[in-house]
Amino acid sequence: MMPLPAHVALIVVDLQPDFMPGGALACADGDALVAPIAALLAERRYRTVVATQDWHPVNHASFASHYAGQQPFAQIQLHGHPQTLWPDHCVQGSPGAALHPGVDWNAADLVLRKGTRPRVDSYSAFRENHGPEGSRPATGLAGWLRERGISEVHVCGLARDYCVLWTAQDAASAGFAVGFHWDLTRPVSADNDDATRQALATAGIALL
């Protein structure tokens, strides 16, 4: 297949074992993405590829185990904003936090680790979630892409209704044209698919 124009980049979000069956925070059928994403990267259609990697310290504020009496998937307020509590997942250096070994990551020009601050969650590749200072700090990815002449990004990976969605929305907010590889994503919960589609439509994000 013909390469895409040089101004188009691919962002592969959190393709890690902890988000796949048998992992700490599994998306149903998440492992089904490994082969097609590996094939997509092997085609070298995208001249710029970014991979994100959830990379949490053991005491991360999003872990339900951090709060007495709380269970995974409960909702709390963190820094004045809603926060879902998750099972401990993608702990730095653990096998579940590795980029999936079924993909040749030599195609990636940048591996962006996120969620590294103990008190701040980070779904998006572009901005962390709200922190104690009340803002959503930038990761620097938007500038990195712009310096390479990128004006359009396509996203895929895990999970459709959280990290991939937030990455797509923040890319659009930052002024990039955005395409969403729906078939190359899987959700934490399929119950969120209608809301995800509506959020993408609202942000003017195209389904690929």
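**The largest pocket and helix H3**

Modeller: Start with the pocket. In this predicted model, the largest pocket is lined by Gln75, Leu78, His81, Pro82, Gln83, Thr84, Asp121, Tyr123, Asn129, His130, Tyr162 and Trp166.

Colleague: Which elements give two or more residues to that lining?

Modeller: Strand S3 (75-78), strand S4 (81-84) and H3 do.

Colleague: And which one gives the most?

Modeller: S4, with 4 residues.

Colleague: How much space lies in the pocket?

Modeller: About 240 Å³.

Colleague: What does the lining have by class?

Modeller: There are 5 nonpolar, 6 polar and 1 charged residues.

Colleague: Let's switch to H3. How many residues has it, and what span does it reach?

Modeller: H3 covers residues 160-173, so to speak of its count, 14 residues. From its first C-alpha to its last it reaches 18 Å. That is close to the 20 Å expected at 1.5 Å a residue.

Colleague: Where is the kink in H3 centred?

Modeller: On Trp166, with a kink of about 25°. Trp166 also lines the largest pocket.

Colleague: Which residues of H3 are buried?

Modeller: Arg160, Asp161, Cys163, Val164, Leu165, Thr167, Ala168, Asp170 and Ala171 are buried.

Colleague: What do those pack against?

Modeller: Four strands and a helix are listed by name: strand S1 (8-13), strand S5 (110-114), strand S6 (152-158), strand S7 (177-186) and helix H4 (193-202).

Colleague: Last one. What follows H3?

Modeller: Gly175 follows H3. The phi of Gly175 is positive, near 100°.

Technical notes: Residues numbered from 1 in each chain as written. Predicted model: local features only at pLDDT ≥ 70, side-chain atom pairs only at ≥ 80, totals over all residues. Heavy atoms only, no water. Expected span 1.5 Å × (residues − 1). Bend = angle between axes of the 7 residues up to and from the residue. Buried < 20%, exposed > 50% of the residue type's maximum accessible area, 1.4 Å probe, protein only. Contact = heavy atoms within 4.5 Å. 1 Å grid on protein atoms, 1.4 Å probe; cavity = no way out; pocket = protein on both sides within 12 Å on 5 of 7 lines; lining within 4 Å. Points joined across faces, edges and corners; volume = space filled by probe spheres on them. Nonpolar A, V, L, I, M, F, W, Y, C, P; charged D, E, K, R; others polar.
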